[in-house]
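Open the model in your viewer, keep a selection box at hand, and let's walk through it stop by stop. What should you select, and what will you find there?

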Amino acid sequence: MLGLRPVELTVYETLVDSYQLGVTELCLATELAERAVRAALRSLTELGFVHQVNGLHTAVAPDVALAMYFLRREDDLRRDRLLAGELQVRYERAAGVRAPADLVEVVHGPEAISRRVDQVMRTARHEVRFVDKPPYATPPTALHPVEEELLNRGVRFRGIYERRALELHDLRADLEMGLSLGEEARVVAVAPTKMILADGHLGLIPLHSTETTLESAVIVHRSALLDSLGALFARLWEDAVPLSLPGQPSSNEMSIADARLLALLATGLPDRSIAKQLGLSYRTFQRRLHRLMDELGAQTRFQAGLRAAARGASSLLPPRQPPE
């Protein structure tokens, strides 16, 4: 707390409560050894939390001491940011003359890959782009905590999901959570590869995998290969279908459950997969779908899906006609 070590904080709190004490009294009050108390007093005096008068130690008023402390911390933080910027420039300059073999890094094993996914995403300052398809190093049961953190910090997330991936993600805890925080998502029938791109300087793609396990991956640094991955993402993004899942009902004409159904229908997911995501029996799903198709005036699932994609999940029903 406050950047103070536990012993220093204990001594300062004791002086705040007692106002003024000698070393012997401090040792008794804190139950600390004299050497530890004297070391804490020296540090607190240097930091401006304590001053000495006639052999007694007095706590500097917290509003004064903390104001000075925070100003010093702000100065240190500004210097650290300048240094970080300079180091990044030097790093990028050195990266520009890397040998080709140094532009990629191979990572083996699901645990190592998961750690590197976190690290790659955390380097993003502006945008993370990703293509999501099986298999996974870690099963996608909830929104990735790093994505949630970065979205809350204002980093843009654009994700392309292969249709099979939607069947494996949790609808509410993962997909809807991300969209509610600002993730932009689209769906393709088949994606050529999964990838994560952090701004334009770092990427990660699979190297070898089985049907169920991601065994190795490649970290790609700034290079023509990384530029090509960015171009591939841009092309996939243009051809993908927007994924629009409701977080809250925006109209009394449609429930969230019905809007979810039609939004998933627009992605082309099989009926049984949609029923599973919604927690419905297949028969119940069929009844609800046919009712919605009637309300939409759609003759086929394809037509209903087109209306869902064109209008968005929050306004899927046609406008009411004014009474004659």
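Start by selecting helices α2 and α3: their axes make an angle of about 110°, and the two are therefore roughly perpendicular to each other. You are looking at a predicted model, so every value on this tour is computed from its atoms. Helix α2 covers residues 23–30 and helix α3 covers residues 34–47, with 9 Å between their axes. The crossing of this pair is right-handed. To see how they meet, show the side chains of Val23, Leu26, Cys27 and Thr30 in α2. Across from them, in α3, show Glu34, Val37, Arg38 and Leu41.

**The loop between α2 and α3**

Stay here and pick Glu31, in the loop between α2 and α3. Is Glu31 buried or exposed? Glu31 is exposed, with a relative accessible area of 73%. Check its backbone too: Glu31 is not a glycine, yet its phi is positive, at about 60°. As a reminder, most residues other than glycine have a negative phi.

**Helix α1**

Now add helix α1, residues 6–18. How do the axes of α1 and α3 cross? They come within 9 Å and cross at roughly 80°, an angle that lies between 65 and 115 degrees, and α1 and α3 are therefore roughly perpendicular to each other. From α1, the contact uses Val7, Glu8, Val11, Tyr12 and Leu15; from α3, it uses Ala36, Ala40, Leu41, Ser43 and Leu44. Leu41 is worth a label, since it appears here and also in the contact between α2 and α3.

Still in α1, select Thr10. This residue is partly exposed, with a relative accessible area of 31%. Which residues does Thr10 touch, leaving aside neighbours within four places in sequence? They are Thr30 and Leu32. If you draw a C-alpha to C-alpha distance from Thr10 to Leu32, you should read 9.5 Å, for a pair 22 residues apart in sequence.

**The cores**

Next, hide the helices and bring up side chains. In soluble globular proteins, nonpolar side chains tend to be buried together. The largest nonpolar core in this model has 44 residues. Which residues have the most contacts inside it? Select Met121, Val128 and Phe157. Then centre on Met121: beyond its neighbours within four places in sequence, it is in contact with Val128, His144, Val146, Glu147, Leu150, Phe157 and Ile196. Another core lies apart from this one, with 19 residues, among them Leu9, Val11, Phe49 and Tyr69. You have met Val11 already, in the contact between α1 and α3.

**Two backbone stops**

Go to Pro134 and Pro135, which are joined by a cis peptide bond with omega at about 0°. In general, most peptide bonds are trans. Pro135 sits in the loop between β5 (127–132) and α6 (145–153).

Then jump to Asp199, in the loop between β8 (195–198) and β9 (202–209). Asp199 has a positive phi of about 50° and is not a glycine. Is Asp199 buried or exposed? Asp199 is buried, with a relative accessible area of 15%, whereas Glu31, with its own positive phi, is exposed.

**Helices α10 and α11**

Now select helix α10, residues 256–266, and find Leu265 in it. Leu265 is buried, at 8% relative accessible area. Draw a C-alpha to C-alpha line from Leu265 to Ala304: the two are 7.8 Å apart in space and 39 residues apart in sequence. Add helix α11, residues 271–278: its axis and that of α10 come within 10 Å and cross at roughly 145°. The crossing is right-handed. Arg260, Leu261, Leu264 and Leu265 make the contact from α10, and Asp271, Ile274, Gln277 and Leu278 make it from α11.

**Zoom out**

Finish with the whole chain in view. The protein has 13 helices and eleven strands. How much of it is buried? Of its 324 residues, 42% are buried. Turn on the surface: about 18300 Å² is exposed, and carbon and sulfur atoms supply 55% of that. If you draw a contact map, count the contacts between residues at least 6 apart in sequence: 69% of them join residues at least 24 apart.

Key
Residues numbered from 1 in each chain as written. Predicted model: local features only at pLDDT ≥ 70, side-chain atom pairs only at ≥ 80, totals over all residues. Heavy atoms only, no water. Core = buried A, V, L, I, M, F, W, Y, C linked by side-chain atoms within 4.5 Å. Buried < 20%, exposed > 50% of the residue type's maximum accessible area, 1.4 Å probe, protein only. Contact = heavy atoms within 4.5 Å. Helix = DSSP H or I, 4+ residues; strand = E, 2+ residues; numbered from the N terminus. Areas by Shrake-Rupley, 256 points an atom, 1.4 Å probe, with all protein chains shown as cover. Axes fitted to C-alpha atoms, helices over the stretch in contact; angles between N-to-C directions. Parallel < 35°, antiparallel > 145°, perpendicular 65-115°, else oblique. Left-handed = near helix turned anticlockwise from the far one by under 90°.
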